[in-house]
Amino acid sequence: MRSMIELNGKWELLYSEDRPEINSIIPTFMNAYVTEAVPGYWEDMIPSLQMAPYWNLVKFNPEYRPLRYPMSGTVPDMVLETIVGCFWYRRNVHIDADCGNKSVIFHCGGVQNRALLWVNGRFAGEHCGYSTPFFFDISELLHYGEDNEIIMAVSNHEAHNESGE
């Protein structure tokens, strides 16, 4: 029988304009928790994010504009006011000691567009792919019978140009 640890819900979030890399220095978090962070779209979190100390740094898609009807000429794409950049997610998860003889898989239902994962400060893997599920075996990175820190950087830079716009 497979055991599952639910990771939906509250995560600590931190925004960065920068593209995350495998050798990125993990940023210092600011105790800005978002209750509905996972699963979720950044645009749906705006009311919570507006209370975060980093809100004034958040960048939006420069091509976004409110649609006004009626309109003539070429109709723009119906895009959301997409936040552009990277959010770092952090959460501590207790892994029972009896899981030490089992394979522990981190499963994510998808991100837009790139994710990098660290467990207890050690790099676990990278995934690129628009909202496609992915898995990482994190068994060797865990401290069994203890709390474990999971950090995931989610970046949508690939959906925009290299500068994040």
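Here a reader and an author talk through a predicted model of one protein chain.

Reader: What should I know about numbering and cut-offs before we start?

Author: Residues are numbered from 1 along each chain as its sequence is written, and side-chain values use heavy atoms, with hydrogens and water left out. Since the model is predicted, local features need pLDDT of at least 70 and side-chain atom pairs count only at pLDDT 80 or more, while totals for chains, interfaces and linings use all residues.

Reader: Thanks! How many helices and strands does the chain have, and what makes a run count as one?

Author: Helices are DSSP runs of H or I with at least four residues, and strands are runs of E with at least two, numbered from the N terminus. By that rule the chain has one helix and 10 strands. Their order along the sequence is β-β-α-β-β-β-β-β-β-β-β.

Reader: What makes β5 and β10 a pair?

Author: Two strands pair if DSSP finds at least two bridges between them. Strand β5 (residues 86-95) and β10 share 10 bridges in the antiparallel sense, so they meet the definition. Within this pairing, F87 is opposite V154. On another partner, strand β7 (residues 114-119) is joined to β10 by six bridges, again antiparallel. There L117 faces M152 and V119 faces I150.

Reader: Which strands make up the open sheet, and why are two of them edges?

Author: The sheet has six strands in the order β2-β1-β5-β10-β7-β8, with antiparallel pairing. β2 (33-38) and β8 (122-128) each have a single partner strand, so one side of each is left without a neighbour in the sheet. From one strand to the next, the twist averages 35°; the angles are taken between N-to-C directions, from 0 to 180 degrees, with axes fitted to C-alpha atoms. As general background, strands of a sheet pair through backbone hydrogen bonds, either parallel or antiparallel.

Reader: How do you know that β10 is mostly covered?

Author: Buried means under 20% relative accessible area, exposed means over 50%, and partly exposed lies in between (1.4 Å probe, protein chains only). In strand β10 (residues 146-155), seven of the 10 residues are buried. For the chain, buried residues make up 40% of the 165 residues.

Reader: What makes the side chains of β9 alternate?

Author: Along strand β9 (residues 134-137), F134 and F136 point to one face and are buried, while F135 and D137 point to the other and are not. Strand β6 (residues 105-108) is joined to β9 by four antiparallel bridges, and F106 stands opposite F136.

Reader: Why is a group of residues called a nonpolar core here, and which residues have the most contacts inside the largest one?

Author: The name is for a set of buried Ala, Val, Leu, Ile, Met, Phe, Trp, Tyr and Cys residues joined through side-chain atoms within 4.5 Å. The largest such core has 43 residues, and L13, Y54, F87, Y89, F106 and M152 have the most contacts inside it. Elements giving two or more residues include β1 (9-16), α1 (46-49) and β10. The most comes from β5, with six residues. In soluble globular proteins, nonpolar side chains tend to be buried together.

Reader: What does F87 touch?

Author: Contact means heavy atoms within 4.5 Å. Leaving out residues up to four places away in sequence, F87 touches L13, L14, Y15, W42, L49, Y54, M152, A153 and V154.

Reader: How do you know that E17 and K59 form a salt bridge?

Author: A salt bridge needs a side-chain nitrogen of Lys or Arg within 4 Å of a carboxyl oxygen of Asp or Glu. E17 and K59 meet at 4.0 Å, N to O, so the pair satisfies the cut-off. E17 lies in the loop between β1 and β2 and K59 in strand β3 (residues 59-60), so the pair ties together parts that are 42 residues apart in sequence.

Reader: Which salt bridges does R114 make, and is R114 buried or exposed?

Author: R114 meets E21 at 3.5 Å, N to O, and E126 at 2.7 Å, N to O. R114 has a relative accessible area of 4% and is therefore buried. E21, at 33%, is partly exposed, and E126, also at 33%, is partly exposed.

Reader: How many salt bridges does the whole structure hold?

Author: The search finds five. E12, R90 and E149 are joined into one network by salt bridges that share partners.
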